[in-house]
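Reader: Hey, I'm new to this one. Can you pull it up and talk me through it?

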Amino acid sequence: MFNKLFNNNNGSDDIESQLSKENIPKHIAIIMDGNGRWANKRFLPRIAGHKEGMNTVKKITTSASKLGVEVLTLYAFSTENWKRPDEEVQFLMKLPVDFFETFMPDLMKENVRVHVMGYHDVLPKHTQKVITDAMDKTKNNTGLVLNFALNYGGRAEIVSATQAAMRELLAQELTPDDLTEELITKHLMTHTFPDPDLLIRTSGEMRVSNFMLWQIAYSEFYFVEKHWPDFSHQDLCEAIATYQNRTRRFGGILK
Ligand code: V07
């Protein structure tokens, strides 16, 4: 009763039924932080946290798909992550391989389309191959788009998009004054997706860390203390409930 009135989730395990099906964010982006800290707390090596984080990716993909989310973008590896110890980087680069070996049958069953954005030419060959194969295998699926940001950086993306836009202008003998937001947007790696409605970051840090800088101009931000491996279906529902409370307009029209 009180939960319904105030949308006070209060440990209730029935948040999903309180969500308005008409206002589910179309695109959710997540910075999956805290995998190393999750492992440290348990006296496990950091890679154990990454592995558990990978299982959480699958769980949250299923949740998002059931809730009717259209695009789920996950920050898997930033252009800064190369600075980590070699051993950890090598392990991370095998996770996409692991992920598809374990979950491809489920992804096909759930009608999920895989997309990967980022600078792929520098990734190990086995990682590149598994990504191309997964995108190809799922390209006719019509459900949730699971979009991984892998070796991705927001500023670099804006620079590449602007360069491509400038080349287009030059080819048409146009000038810098003809550069528009629309033209830059057209050359972003996300040009086929709507901008994220909701950006979630786990593990208590309140930064955007060079993630989708252009696309999050109007996104709602949601920060949660939990480390990524502990993030659950309930937590996703709570994030969406908060989003719905913020974007509710009594008698008005949603932006
Ligand atoms: C990675 C698990 C999730 C938490 C964040 C760091 C560790 C899934 C992938 C992945 C990426 C591309 C792809 C399929 C799966 C992944 C990295 C790290 C580098 F096509 N999880 N995960 N990639 N972690």
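Author: Here is a quick chat about the ligand and the sheet. This is a predicted model, where local features need pLDDT of at least 70, side-chain atom pairs count only at pLDDT 80 or more, and totals for chains, interfaces and linings use all residues. Residues are numbered from 1 along each chain as its sequence is written, and side-chain values use heavy atoms, leaving out hydrogens and water.

Reader: Cool. How many residues surround the ligand?

Author: There are 18, and the closest are Leu92, Leu95, Phe100, Val116 and Phe148. Being near here takes a heavy atom within 4 Å.

Reader: And how much of the ligand does the protein bury?

Author: The protein buries 98% of the 500 Å² that the ligand exposes when taken alone, by the Shrake-Rupley method with a 1.4 Å probe.

Reader: What sort of residues make up that shell?

Author: It has 15 nonpolar, three polar and no charged residues. Gly counts as polar in that split.

Reader: Which element gives the largest share?

Author: Helix 5, with five residues. Helices are DSSP runs of H or I with at least four residues, and strands are runs of E with at least two.

Reader: Switching to the sheet, what's the strand order?

Author: It's an open sheet of six strands, ordered 3-4-2-1-5-6 with parallel pairing. Pairing takes at least two DSSP bridges between two strands.

Reader: Which strands are at the edges?

Author: Strand 3 (113-117) and strand 6 (220-223); each has a single partner strand, so one side of each lacks a neighbour in the sheet.
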